[in-house]
Amino acid sequence: MRTWIYLGVAACLAGLGAVRYGAVPSSYDAAAWQSANPEDGKVADGVFVSDYFDLSYRLPEGWTEGLAGPGPTQFGYYVLGTWAPKHDFVGTVLVVAQDMFFAPESSEAKNVVAEFRQAMSAVDGMTIDSEPAPVSVGGHLGYRIDFSGVGLFRSMIAIEIRCHVLTFNLTSRDPEFLASLVRSLDNLASVRKKTSDPVPECLRDYATSENVLHRVEPDSVGARAVSIPVRMIVATDGSVKHVHVIRASAAQRRNIEEALRQWKFKSYVRQGRPVEVETGMTFNFKPANM
């Protein structure tokens with residue numbers, strides 16, 4: 001059983017106020033937060049924005065960011081945000097993302113919620129209040145489960161975006177307030193301008209020998225064997241446009257980025273036109289002295 005699905009319960013035990021919602025201010029400049037990495041979402045003027053996932057969410061009034069989560073794991077698990085009221089702790093929101101390229105088990109949203117339900121039903125004192133069911137959140141299809149225990153009521157909602165499963169973990173002492181937090185997710189909005197470039201095609205196994213025309217191996221660094229997950233964006237001409245080393249030392253990151261910048265892929269063609277591709281791969285390094 002994967003351990004990351006328990007984080008939503010553990011991190012939502014704190015926190016809990018009055019709440020008002022709104023759309024992203026019309027003056028908001030989406031270009032200000034442009035980023036090609038999943039973990040780089042920011043809160044500005046009370047609005048959480050993730051350019052990578054094309055999401056914005058206005059925090060409830062009087063809420064603020066909680067403690068920063070840990071860095072990305074080797075399996076591509078990210079804490080995107082934790083939010084709670086500044087005063088009168090009546091609820092919390094935790095948002096996390098699991099990279100579907102590197103998850104140790106199947107990570108479709110439906111499976112994540114089903115496994116979570118199984119895990120929670122085995123915990124003493126926990127009650128499943130609403131079985132997993134399809135939902136639509138901010139225009140994204142997903143699955144929701146409600147459960148409660150130790151005086152707290154919780155909802156977990158999972159959706160899929162850009163080959164990641166995003167889970168929204170909501171907690172409150174008041175079931176009516178919890179319902180208002182769930183409704184607030186309907187205010188999820190896009191931050192992309194209509195003229196923005198399209199999102200790359202998401203392909204799990206594109207970095208294979210049949211698609212790579214030119215390959216340069218990164219130099220090994222370090223005294224022990226290590227597996228390093230990497231995402232990359234391949235441009236329409238087959239060059240590597242962006243490299244995202246998910247978890248590595250500074251030297252390992254530098255060597256991988258320098259090597260991948262020299263790779264050349266076949267162009268990926270969809271409906272007769274070359275399109276950008278986002279894909280992932282794992283580098284398995286042996287100790288440098290071997």
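The legends below walk through several close-up views of this predicted model.

Residues are numbered from 1 along each chain as its sequence is written, and side-chain values use heavy atoms, with hydrogens and water left out. Because the model is predicted, local features need pLDDT of at least 70 and side-chain atom pairs count only at pLDDT 80 or more, while totals for chains, interfaces and linings use all residues.

**View 1. The whole chain holds four helices and 18 strands.**
Helices (H or I, at least four residues) and strands (E, at least two) are DSSP runs, numbered from the N terminus. Of the 290 residues in the chain, 46% are buried; buried means under 20% relative accessible area, exposed over 50%, and partly exposed in between (1.4 Å probe, protein chains only). The accessible surface of the chain comes to about 14200 Å², and 51% of that belongs to carbon and sulfur atoms. Accessible areas come from the Shrake-Rupley method with a 1.4 Å probe, and for residues only the protein chains shown count as cover.

**View 2. Strand β6 sits between its partners β5 and β10 in pairing terms.**
Two strands pair if DSSP finds at least two bridges between them. Nine of the nine residues of β6 are buried, so this strand is largely enclosed by the rest of the structure. G91, V93, V95, A97 and D99 point one way from β6, T92, L94, V96 and Q98 point the other way, and all are buried. Strand β5 (residues 77–85) pairs with β6 in the antiparallel sense over six bridges, and Y77 stands opposite Q98. These two strands form a hairpin with five residues between them, and D88 in the turn has a positive phi of about 50°. With β10, β6 runs antiparallel over nine bridges; here T92 has T171 as its bridge partner.

**View 3. Helix α3 turns several residues inward, where strands cover them.**
In α3 (residues 175–184), F177, L178, S180, L181, V182 and S184 are buried. What covers these buried residues includes β3 (55–58), β4 (63–65), β6 (91–99), β8, β9 and β10. At the start of the helix, a side-chain oxygen of D174 reaches to within 2.9 Å of the backbone nitrogen of E176.

**View 4. S155 is a buried serine with a polar partner.**
S155 lies in strand β9, and at 1% relative accessibility S155 counts as buried. Its side chain makes a polar contact of 2.7 Å with the side chain of D146. A polar contact is a pair of N or O atoms within 3.5 Å; within protein, one must be able to donate a hydrogen and the other to accept it, and residues adjacent in sequence count only if both atoms are side-chain atoms. Leaving aside residues up to four places away in sequence, S155 touches R144, I145, D146, F168, N169, L170, L178 and V182, where contact means heavy atoms within 4.5 Å.

**View 5. One disulfide joins C163 to C202.**
The structure holds one disulfide, defined as a pair of cysteine sulfur atoms within 2.5 Å; here the S to S distance is 1.9 Å. The pair links distant parts of the chain, 39 residues apart: C163 is in the loop between β9 (152–161) and β10 (164–172), and C202 is in strand β11 (residues 201–202). C202 is partly exposed, with a relative accessible area of 23%. C163 has a positive phi of about 60° although it is not a glycine.

**View 6. V150 is a non-glycine residue with a positive phi of about 50°.**
V150 is found in the loop between β8 (140–149) and β9. Its relative accessibility of 70% makes V150 count as exposed.

**View 7. Four strands make an open sheet in the order β11-β18-β13-β14.**
Pairing in this sheet is mixed. β11 and β14 (240–245) stand at the edges with a single partner strand each, so one side of each is left without a neighbour in the sheet. Strands β13 (residues 226–234) and β18 (residues 277–285) pair in the antiparallel sense over nine bridges, with V234 opposite V277.

**View 8. Three strands make an open antiparallel sheet in the order β1-β2-β3.**
β1 (42–44) and β3 stand at the edges, each with a single partner strand, so one side of each lacks a neighbour in the sheet. Strand β2 (residues 47–50) pairs with β3 in the antiparallel sense over four bridges, and V49 has S56 as its bridge partner.
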